[in-house]
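Work through the exercises below with the sequence and the coordinates at hand. Each task is followed by a worked solution.

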Amino acid sequence: MTEGTTSAAQGGDTLTRLEQEGEIAADYLEGLLDIADLDGDIDMDVEGDRAAVSIISDTSSRDLQKLVGRDGEVLEALQELTRLAVHRETGDRSRLMLDIAGFRAKKRAELTELGAKAADEAKNTGEPVKLKPMSPFERKVVHDAVAAAGLRSESEGEEPQRFVVVLPA
């Protein structure tokens with residue numbers, strides 16, 4: 001077997017593993033929706049190197065907002081519970097991302113804009129720009145936006161007060 005074939009096989013194995021994570025997560029979340037008597041459809045995908053599962057609804061997303069909570073706190077807890085359910089089934093640590101009613105997608109767009117603005121400010125002033133404390137998901141989105149703008153950023157501080165610093169060129 002050539003090296004290229006091995007990589008292709010490993011890539012296929014990774015995709016299969018991530019799809020399996022998504023299916024386990026979907027089953028777990030469908031059970032939770034049934035228990036909570038909430039309507040929602042489960043959408044599964046693979047984004048980069050992680051499974052992505054979304055709960056969406058055709059009806060009022062107000063019911064699903066209960067699963068998001070204030071500033072996504074309930075969503076974060078449900079994501080951790082879902083990762084634990086996947087871990088219980090597979091024995092492997094999961095990096096699965098959960099979105100409910102488009103909350104993370106909207107948040108990602110806002111944070112990408114924040115990262116781009118902070119990068120512009122750092123370029124224009126030549127000074128580091130410190131942002132407010134953020135969750136790991138939020139910091140990752142900002143780091144990606146800063147890198148796309150051609151600058152570097154670092155996380156500083158201790159959880160839950162960890163924040164991003166955008167460094168000038």
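**Exercise 1: the hairpin**

Strand 1 (residues 41-47) is paired with strand 2 through seven bridges, in the antiparallel sense. The model is a predicted one.

Task: state how many residues lie between strand 1 and strand 2, and which residue in the turn has a positive phi.

Solution. Start with the connection: strand 1 and strand 2 make a hairpin, with two residues between them. In the turn, G48 has a positive phi of about 65°. Next, locate bridge partners. I42 is matched by I55 in strand 2, and D43 has S54 of strand 2 as its bridge partner.

**Exercise 2: from pair to sheet**

Task: find which strand joins strand 2 in the parallel sense, and by how many bridges.

Solution. Strands of a sheet pair through backbone hydrogen bonds, and the pairing is either parallel or antiparallel. Strand 2 runs parallel to strand 3 (residues 97-100), and four bridges join the two. One reference point in this pairing is A52, which stands opposite M97 of strand 3.

Now assemble the sheet. Three strands form an open sheet in the order 1-2-3, and the pairing is mixed. Strand 1 and strand 3 are the edge strands, since each pairs on one side only. On average, neighbouring strands of this sheet are turned by 20° against each other, with direction ignored.

**Exercise 3: cover on the sheet**

Task: determine which strands helix 3 touches, and how many residues of strand 2 are buried.

Solution. Helix 3 (residues 73-90) packs on the sheet and touches strand 2 and strand 3. The direction of helix 3 makes about 140° with that of strand 3. For burial, take under 20% relative accessible area as the cut-off. Strand 2 (residues 50-56) is then mostly covered, with six of its seven residues buried.

**Exercise 4: helix 4**

Task: check the length of helix 4 against the expected span, then list its buried residues.

Solution. Helix 4 (residues 103-125) has 23 residues, so at 1.5 Å a residue it should span 33 Å. The end C-alpha atoms of helix 4 are 33 Å apart, which agrees. Its buried residues are R104, L111, G115, A118, A119 and A122. An α-helix has 3.6 residues a turn, so residues three or four places apart point the same way.

Finally, identify the partners. The buried residues of helix 4 pack against helix 3, strand 3, strand 4 (129-133), helix 5 (136-148) and strand 6 (163-167). Just after helix 4, G126 adopts a positive phi of about 75°.

How values were computed. Residues numbered from 1 in each chain as written. Predicted model: local features only at pLDDT ≥ 70, side-chain atom pairs only at ≥ 80, totals over all residues. Heavy atoms only, no water. Buried < 20%, exposed > 50% of the residue type's maximum accessible area, 1.4 Å probe, protein only. Pairing = 2+ DSSP bridges. Axes fitted to C-alpha atoms, helices over the stretch in contact; angles between N-to-C directions. Contact = heavy atoms within 4.5 Å. Expected span 1.5 Å × (residues − 1).
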